[in-house]
Amino acid sequence: MAQFEEHSHRKNLFSVSKLKYAKGDRPAVDCILCGVRDKEEIVPNLSIASTELSVVSVNLYPYNPGHIIIFPKRHILSYTELTEEEALDIHRLTVKTLKVLERQWKVQGFNLGYNLGKNSGGSIPHIHEHIVPRFPNEAGFLDVFANTRVVIYEPYAMLEELKKFWDLEA
């Protein structure tokens with residue numbers, strides 16, 4: 001055991017709820033995000049809002065409080081398949097999401113991005129944009145001493161809080 005500890009640089013806290021998902025135990029649908037779009041009962045749905053073209057949802061396994069995904073309703077795998085209308089719609093929803101998070105949670109920084117392609121680290125074959133709020137002093141004692149990250153926000157509670165603010169933002 002001492003030899004393992006010597007070479008171990010990162011400690012892990014286990015997110016037991018995500019373990020089944022990571023191993024492929026997911027709802028029996030062709031696509032999780034299409035299941036969200038279609039409001040399939042077997043798919044957890046954390047949708048905040050939707051338009052004719054896109055959906056805004058809390059991420060079921062957030063990296064940080066306020067972690068949102070935005071995706072086109074049309075099932076596509078590649079960013080290059082987005083129509084100009086879909087891209088503009090996602091852009092508008094991104095701007096609104098940023099305003100909601102900035103106003104209501106005083107967020108001062110974000111990471112925005114897509115995981116595109118098989119080797120990008122994404123686990124859902126339906127393109128979607130991630131919006132991850134970044135907060136001052138995020139590093140806590142576990143980050144510093146154990147090189148470990150703990151997400152302390154339950155996604156369903158996050159959904160309820162964000163839904164309250166969504167309609168307030170013009």
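# Exercises on helix α4 and an annotated site

In this predicted model, the 22 residues of α4 should span 32 Å at 1.5 Å a residue, and the end C-alpha atoms are 31 Å apart, which agrees.

## Exercise 1

Determine which residues of α4 are buried, and what they pack against.

Solution. Step 1: apply the cut-off, under 20% relative accessible area for a buried residue. Step 2: list the residues of α4 that meet it, namely Glu-86, Asp-89, Ile-90, Leu-93, Thr-94, Lys-96, Thr-97, Leu-98, Val-100, Leu-101 and Trp-105. Step 3: recall the helix geometry. An α-helix has 3.6 residues a turn, so residues three or four places apart point the same way. Step 4: look for the packing partners, which are β2, β3, β4 (109–114), β5 and α6 (155–166). Step 5: check what follows the helix; just after α4, Lys-106 has a positive phi of about 60°.

## Exercise 2

Decide whether Glu-86 is buried or exposed, and find the polar partners of its side chain.

Solution. Step 1: locate the residue; Glu-86 belongs to helix α4, residues 84–105. Step 2: compare its accessibility with the cut-off. Glu-86 has 4% relative accessibility and therefore counts as buried, since buried means under 20%. Step 3: search for polar partners. The Glu-86 side chain forms a polar contact of 2.8 Å with the side chain of Arg-74. A polar atom of this Glu-86 side chain also lies 2.8 Å from the backbone nitrogen of Thr-83. Step 4: collect the contacts beyond four places in sequence: Leu-53, Ser-54, Pro-72, Arg-74, Ile-76 and Glu-81.

## Exercise 3

Describe the surroundings of the two positions, Asn-59 and His-130, that an unreviewed UniProt entry gives as "binding site".

Solution. Step 1: examine their spacing. The two positions are spread over 72 residues of sequence but cluster in space, with a largest C-alpha distance of 8.4 Å. Step 2: place each one. Asn-59 sits in the loop between β2 (54–58) and β3 (68–72), whereas His-130 sits in strand β5, residues 129–134. Step 3: classify them. Asn-59 counts as buried because its relative accessibility is 12%; His-130, at 10%, is buried too. Step 4: list contacts beyond four places in sequence. For Asn-59 they include His-67, His-130 and Pro-155; for His-130 they include Asn-59, His-67, Asn-111 and Asn-115. Step 5: add the polar pairs. A polar atom of the Asn-59 side chain is 2.8 Å from the backbone nitrogen of Tyr-61, and the His-130 side chain makes a 2.8 Å polar contact with the side chain of His-67.

Note on methods: Residues are numbered from 1 along each chain as its sequence is written. This is a predicted model: local features need pLDDT of at least 70, side-chain atom pairs count only at pLDDT 80 or more; totals for chains, interfaces and linings use all residues. Side-chain values use heavy atoms; hydrogens and water are left out. Helices (H or I, at least four residues) and strands (E, at least two) are DSSP runs, numbered from the N terminus. Buried means under 20% relative accessible area, exposed over 50%, partly exposed in between (1.4 Å probe, protein chains only). A polar contact is a pair of N or O atoms within 3.5 Å; within protein, one must be able to donate a hydrogen and the other to accept it, and residues adjacent in sequence count only if both atoms are side-chain atoms. Contact means heavy atoms within 4.5 Å. The expected span of a helix is 1.5 Å times one less than its number of residues.
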